[in-house]
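Thanks for sharing this one with me. Here are my notes, written to be read with the structure open beside them.

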Amino acid sequence: MSAPPPASSWAAPPDFYIDENMAGRSLRRFLEELGYVVHTPSSVFGRERLSRTLEDSDWLPVIGSSGWVVFGRDQHILDRPVELEAYLAAKVHMFMLPGTATRDQIISLVSTNLGEICTLAVARTPGVYWLTSGKVVGYERRRAEVRKRRKP
């Protein structure tokens, strides 16, 4: 496996936003060590604002207009079409990680897929994607896979 690409690999590397459901500093540190700029809910909205609930309708327009790449965990987004549509309408580059993934698994998934994540982001191709151990999977394909598994 090759090393993840540092920010200097890109003429204009993407910035990253780590959603509040991705508590912890490991992913932020990993990306910053590679030279990427990383934003968090507290750095964008302030801790006081976060003490109240931060709804998707609060942060999606801000992050969507910035062009930042979003990392989040949401096992049930495909079960909530309204939420999926909100992500798509905001034109975010949203990359989902498994809700049960450990810190080490998260770092491994991001490391393995960072080149493709950055390629999608710098191409300005917004969408909702899932990170797997072998590739980045778009929401249409993921939705089809989930539906296929659910059929008796």
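The points below start with the sheet, move on to the helices and end with a single serine.

1. Please keep in mind that this is a predicted model. A good place to begin is the open sheet, which has six strands in the order β2-β1-β3-β4-β5-β6 and mixed pairing. Strands β2 and β6 (136–138) stand at the edges with a single partner strand each, so one side of each has no neighbour in the sheet.

2. Further in, β3 pairs with β4 (residues 93–97) in the parallel sense, over five bridges. If you would like a pair of residues to look at here, Phe 71 has Phe 95 of β4 as its bridge partner.

3. Two helices can be placed against these strands. Helix α5 (residues 81–89) lies across β4 and β5 (127–131), and its direction is at about 110 degrees to β5. Helix α6 lies across β1, β3, β4, β5 and β6, running at about 160 degrees to β4.

4. Now turn to helix α1 (residues 26–33), whose buried residues are Leu 27, Phe 30 and Leu 31. These residues are on the same side of α1, because they cover an arc of only 90 degrees around the axis. The spacing fits a general rule: an α-helix has 3.6 residues a turn, so residues three or four places apart point the same way.

5. What covers that buried side of α1? The cover includes the strands β1 (16–18), β2 (38–39) and β3 (69–73), together with helix α6. After α1 comes Gly 35, with a positive phi near 95 degrees.

6. The packing of α1 with α6 deserves its own point. Their axes come within 10 Å and cross at roughly 35 degrees, and the crossing is right-handed. From α1, the contact is made by Ser 26, Leu 27, Phe 30 and Leu 31, while α6 brings Arg 103, Ile 106, Ile 107, Val 110, Ser 111 and Leu 114. By class, the contact has seven nonpolar, two polar and one charged residues.

7. Finally, is Ser 111 buried or exposed? Ser 111, which sits in helix α6 (residues 103–122), has a relative accessible area of 13% and is therefore buried, the cut-off being under 20%. Leaving aside residues up to four places away in sequence, Ser 111 touches Pro 4 and Phe 30. Phe 30 is itself one of the buried residues of α1, which ties this serine back to point 4.

Technical notes
Residues numbered from 1 in each chain as written. Predicted model: local features only at pLDDT ≥ 70, side-chain atom pairs only at ≥ 80, totals over all residues. Heavy atoms only, no water. Helix = DSSP H or I, 4+ residues; strand = E, 2+ residues; numbered from the N terminus. Buried < 20%, exposed > 50% of the residue type's maximum accessible area, 1.4 Å probe, protein only. Contact = heavy atoms within 4.5 Å. Arc of directions from axis to C-beta. Axes fitted to C-alpha atoms, helices over the stretch in contact; angles between N-to-C directions. Left-handed = near helix turned anticlockwise from the far one by under 90°. Nonpolar A, V, L, I, M, F, W, Y, C, P; charged D, E, K, R; others polar. Pairing = 2+ DSSP bridges.
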